[in-house]
Amino acid sequence: MKKRQLGHSGIEVPTLCLGGNVFGWTADEPRSFEVLDALLESGLNFVDTADVYSHWAPGNHGGESETIIGKWFKARGNRSQVILATKVGLPMGEGKQGLSRNYIRQAVEDSLQRLQTDYIDLYQSHRDDESTSQAETLGVYADLIREGKVRAIGASNFTAERLQSALEVSRKQNLPRYESLQPEYNLHDRVGYESALEAVCVKNGLGVIPYFSLASGFLSGKYRSAADAASRPRTEMLKKYFNERGMRILESLGEVARELKAKPVQVALAWLMARPSITAPIASATTVEQLHELVGATRLELPHGAVEKLNQASAETVTA
Ligand SMILES: NC(=O)c1ccc[n+]([C@@H]2O[C@H](COP(=O)([O-])OP(=O)(O)OC[C@H]3O[C@@H](n4cnc5c(N)ncnc54)[C@H](OP(=O)(O)O)[C@@H]3O)[C@@H](O)[C@H]2O)c1
């Protein structure tokens with residue numbers, strides 16, 4: 001299985017990461033176990049979650065995804081085989097959010113407990129927190145790394161300016177640096193990442209693990225209209241894709257998939273994997289069949305012509 005370095009962290013990861021926001025939401029516990037088992041059986045071992053997943057599902061409060069992963073580690077005794085990424089910072093209840101020293105101290109213990117482990121491979125700031133100084137956040141991460149609770153840190157949903165300034169603080173104050181970025185990025189949503197973040201990541205040698213790699217399932221081609229997606233749990237997220245450009249992208253994905261005897265999801269992931277700055281796209285699966293299709297992307301090499309076709313179909317104005 002192909003592996004890549006995650007920034008300068010010294011951690012090697014496969015070219016695909018399994019997203020965990022479905023655990024406790026669109027995949028119940030037994031189904032989540034099946035998908036996780038199938039991941040390891042496929043030779044992949046990189047899993048992304050967050051403390052806050054999946055609080056949006058009715059009856060949930062956050063922590064459900066980590067809890068399921070923790071039970072799976074315990075049941076299978078396989079913690080050491082997995083590269084585990086989780087996140088901190090989004091609201092988890094009254095006064096529980098952000099990237100302050102005190103809050104991260106408390107949040108990491110809660111995550112470790114739910115995950116039934118004593119370390120996190122990649123601990124990520126889920127979003128920026130401008131009310132806390134970057135030195136304070138990086139300082140507490142330094143302590144957690146020293147204590148062996150965290151191996152490396154990453155950022156998610158940061159602007160290019162704030163990511164660059166965090167990297168400067170790390171360098172000047174001799175603090176650990178964000179080794180990875182987790183941005184929203186896929187064939188449909190390109191500008192947000194390509195306009196400025198991509199350059200910061202390349203210049204600084206960061207790992208990049210984009211989320212919504214399948215545009216919430218849209219890039220599978222299984223929805224052709226907003227009506228098709230109307231009864232799905234992801235209806236709200238899918239709405240923005242049903243436009244002329246979205247349809248053009250689906251057409252070209254379908255054509256490339258037919259030419260290569262592959263599935264559209266595999267082509268969409270292979271396009272991301274082929275971008276020079278991308279380490280491993282993150283995608284979730286709600287069934288073992290979906291997982292197997294996603295894993296197939298790690299074996300798919302897109303010919304230059306296919307990449308060009310997809311680039312043209314998905315082109316949008318880059319503003320910066
Ligand atoms: N940092 C952040 O702020 C942030 C935000 C969002 C997500 N994330 C991370 O990124 C991960 C991926 O995001 P995501 O899961 O929301 O979106 P995604 O990967 O773009 O879409 C995944 C969904 O597509 C569908 N799908 C997967 N494989 C398929 C196949 N072979 N054929 C047809 N449909 C398929 C499944 O949903 P259905 O079966 O329901 O159709 C699956 O749950 C998350 O799990 C999470 O770890 C991070």
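Which side chain has an N or O atom 2.9 Å from an oxygen atom of the ligand? I started my notebook with that one, and the residue I found is Q290. A reminder to myself before going on: this is a predicted model.

**Entry 1: polar contacts of the ligand**

I looked for further partners of the ligand oxygens. S284 has a polar side-chain atom 2.3 Å from an oxygen atom of the ligand. With L214 I had to look at the backbone, where an N or O atom lies 2.9 Å from a ligand oxygen. Next I checked how covered the ligand is: on its own it has 900 Å² of accessible area, and the protein covers 94% of that.

**Entry 2: the shell around the ligand**

I counted the neighbours and got 31 residues surrounding the ligand. The closest are D48, S216, K222, S284 and T286, and S284 is a familiar name from the polar contacts above. I then sorted the shell by type and noted 14 polar, 11 nonpolar and six charged residues.

Which elements supply at least two residues each to this shell? I wrote down strand 10 and helix 11. Helix 11 gives the most, with three residues.

**Entry 3: the pocket**

Where does the ligand sit? I find it in the largest pocket, which holds about 780 Å³ of space. I listed 42 residues in the lining of this pocket, and those nearest its centre are N21, V22, S216, R234 and S284. S216 and S284 also stand among the residues closest to the ligand.

For the secondary structure, I noted that helix 8 (235–238), strand 10 (282–283) and helix 11 (288–296) give two or more residues each to the lining. Helix 11 has the largest share here, with four residues. By type, I recorded 18 nonpolar, 17 polar and seven charged residues in the pocket lining.

**Entry 4: enclosed space**

Last, I turned to cavities. How many of 30 Å³ or more does a search of the whole structure find? I have one on my list, and the volume I noted for the largest cavity is about 50 Å³. Its lining is made by L99, D128, D129, T132, Q134, T137, F158, R162 and Y178. I split these by type and got three nonpolar, three polar and three charged residues.

**Names to keep at hand**

For my next look at the ligand, I am marking S284 and Q290 for their side-chain contacts, and L214 for its backbone contact.

Terms used:
Residues are numbered from 1 along each chain as its sequence is written. This is a predicted model: local features need pLDDT of at least 70, side-chain atom pairs count only at pLDDT 80 or more; totals for chains, interfaces and linings use all residues. Side-chain values use heavy atoms; hydrogens and water are left out. On a 1 Å grid over the protein atoms alone, a cavity is a set of points where a 1.4 Å probe fits but cannot get out, and a pocket is an open set with protein on both sides within 12 Å along at least five of seven lines; lining residues have an atom within 4 Å of a point. Grid points are joined across faces, edges and corners, and a volume is the space filled by probe spheres set on the points. Ala, Val, Leu, Ile, Met, Phe, Trp, Tyr, Cys and Pro count as nonpolar, Asp, Glu, Lys and Arg as charged, and the others, Gly among them, as polar. A residue is near a molecule or strand if one of its heavy atoms lies within 4 Å of it. A polar contact is a pair of N or O atoms within 3.5 Å; within protein, one must be able to donate a hydrogen and the other to accept it, and residues adjacent in sequence count only if both atoms are side-chain atoms. Accessible areas come from the Shrake-Rupley method with a 1.4 Å probe; for residues, only the protein chains shown count as cover. A molecule sits in a cavity or pocket if more than half of its atoms lie within 2 Å of its grid points.
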